[in-house]
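Visitor: Hi, can you walk me through this protein? Short answers, please.
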Amino acid sequence: MDPRVLIAVATGAQTGSAGISMAPFSSELHVAFAAGIVASLVGAIISPMRGEHRSWEMAESASLVREG
């Protein structure tokens, strides 16, 4: 996509007598949204697979309590 089209859409400017075509802008915007949705779904699937978060500080304090 031509960057001038994106700038024209963002500023509301008209290019030529017929104005700008919104079709390329909207189709690429839909592709960007679809990529974001796919990335979010992949993250939502992988996140529970990681298991419970255990912090190093929590492990150290637990060992100190048992010794002391």
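Guide: Let's start with one residue. P24 is found in helix α2. Keep in mind that this is a predicted model.

Visitor: Is P24 buried or exposed?
Guide: In between. P24 counts as partly exposed because its relative accessibility is 35%, and that class lies between under 20% for buried and over 50% for exposed.

Visitor: How many residues apart are P24 and D2, and what about in space?
Guide: They are 22 residues apart in sequence. From C-alpha to C-alpha, P24 and D2 are 9.2 Å apart.

Visitor: Back to α2. What should its span be, and why?
Guide: Helix α2 covers residues 23-49, which is 27 residues. At 1.5 Å a residue it should span 39 Å, because the expected span uses one less than the number of residues. The end C-alpha atoms of α2 are 40 Å apart, so the two values agree.

Visitor: And what comes just after α2?
Guide: G51 does, with a positive phi of about 90°.

Visitor: What else is in the fold? How many helices and strands?
Guide: The protein has three helices and zero strands. Along the sequence the pattern reads α-α-α.

Visitor: Which element has the lowest mean pLDDT, and which the highest?
Guide: Helix α3, residues 56-67, has the lowest, at 58. Helix α2 has the highest, at 91. For the protein, the mean is 76, and 66% of residues reach 70 or more.

Visitor: New topic: the surface. How much of the protein is buried?
Guide: Of its 68 residues, 6% count as buried. The accessible surface of the protein is about 5900 Å², and carbon and sulfur atoms account for 66% of that.

Visitor: Which residues form the nonpolar patch?
Guide: V38, V42, I45, I46 and M49. Together they have about 510 Å² of accessible area. V38 sits in helix α2, the helix that also holds P24.

Terms used:
Residues are numbered from 1 along each chain as its sequence is written. This is a predicted model: local features need pLDDT of at least 70, side-chain atom pairs count only at pLDDT 80 or more; totals for chains, interfaces and linings use all residues. Side-chain values use heavy atoms; hydrogens and water are left out. Helices (H or I, at least four residues) and strands (E, at least two) are DSSP runs, numbered from the N terminus. Buried means under 20% relative accessible area, exposed over 50%, partly exposed in between (1.4 Å probe, protein chains only). Accessible areas come from the Shrake-Rupley method with a 1.4 Å probe; for residues, only the protein chains shown count as cover. Patches are made of residues with over 30% relative accessible area and no salt bridge: like charges are joined within 9 Å, nonpolar side chains (Val, Leu, Ile, Met, Phe, Trp, Tyr) within 5 Å. A salt bridge is a side-chain nitrogen of Lys or Arg within 4 Å of a carboxyl oxygen of Asp or Glu. pLDDT is the predictor's confidence in each residue, from 0 to 100.
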